[in-house]
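I opened this notebook to keep a record of what I looked up in one structure, entry by entry. Confidence comes first, then the core, the sheet and the aromatic rings.

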Amino acid sequence: MRAWAKVPIWGLTVFLLLFFLGTCALAENVSGNYAYRLNEENQAIVTRYLGKEKSITMNWHLDHHVIVEIGEEAFAGNGSVEEIVLPAGIRVIRTNAFQDCTALRSVQLPQLLETVEDGAFWGCTALEKITN
């Protein structure tokens with residue numbers, strides 16, 4: 001008898017259910033020019049910027065979820081963005097979030113920002129001004 005045939009059907013059902021639910025929890029949503037996922041508190045983490053605008057003033061929410069984090073490499077490699085104003089709810093900017101944004105000249109950070117991880121602005125060769 002094959003090894004997989006010895007697994008009770010309920011065991012296989014539980015495994016598939018857990019796998020499916022785990023995959024859905026990490027699902028990426030899209031709102032406007034942003035892809036995002038939700039954290040445990042139902043808050044938005046920006047995972048990718050999809051637009052080409054030169055000047056961005058980010059809204060404080062995506063689909064009624066407060067934005068609290070700019071994820072790893074969310075804007076990485078974007079050659080269009082020259083200036084960005086981040087909303088007040090952002091608490092964390094992850095590693096390489098703006099890596100190689102070579103046109104980025106100006107960033108306005110929220111006053112209550114708690115963490116900017118290493119390399120968040122690595123390779124931003126035009127960056128002249130960071131304010132909060």
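What pLDDT does the protein chain average, and what share of the residues score at least 70? I noted an average pLDDT (the predictor's confidence in each residue, from 0 to 100) of 88 for the protein chain, with 80% of the residues scoring at least 70. This is a predicted model, in which local features need pLDDT of at least 70 and side-chain atom pairs count only at pLDDT 80 or more, while totals for chains, interfaces and linings use all residues. Residues are numbered from 1 along each chain as its sequence is written, and side-chain values use heavy atoms, with hydrogens and water left out.

I then looked at residues 21–25, where pLDDT stays under 50 and the model has one contact (heavy atoms within 4.5 Å) beyond four places in sequence. Where pLDDT is low, the predicted coordinates should not be read in detail.

Next I looked up the largest nonpolar core (buried Ala, Val, Leu, Ile, Met, Phe, Trp, Tyr and Cys residues joined through side-chain atoms within 4.5 Å), which has 26 residues, and among those with the most contacts inside it are Ile84, Phe75 and Phe98. Strands β2, β3 and β6 (strands being DSSP E runs of at least two residues, numbered from the N terminus) each give two or more residues to this core, and β3 gives the most, with three. Leaving out residues up to four places away in sequence, I found that Ile84 touches partners including Met58, Phe75, Phe98 and Ser106.

For the sheet, I recorded an open arrangement of four strands in the order β4-β7-β9-β11, with parallel pairing (at least two DSSP bridges between two strands). Because β4 (55–57) and β11 (129–131) stand at the edges with a single partner strand each, one side of each is left without a neighbour in the sheet. Three bridges join β9 (residues 106–108) to β11, and Ser106 stands opposite Lys129 in β11.

How many aromatic pairs does a search of the whole structure find? I counted four (ring centres of Phe, Tyr or the six-membered ring of Trp within 6.5 Å; planes under 30 degrees apart are stacked, over 60 edge-to-face, the rest tilted). Tyr49 and Phe75 are stacked, at 5.0 Å centre to centre and 15° between the planes. Tyr49 lies in β3 and Phe75 in the loop between β6 and β7, so the pair ties together parts that are 26 residues apart in sequence. Phe75 is buried (under 20% relative accessible area), at 2%. Phe98 and Phe121, with ring centres 5.1 Å apart and planes at 5°, are also a stacked pair, and both are buried.

Note on methods: Buried < 20%, exposed > 50% of the residue type's maximum accessible area, 1.4 Å probe, protein only.
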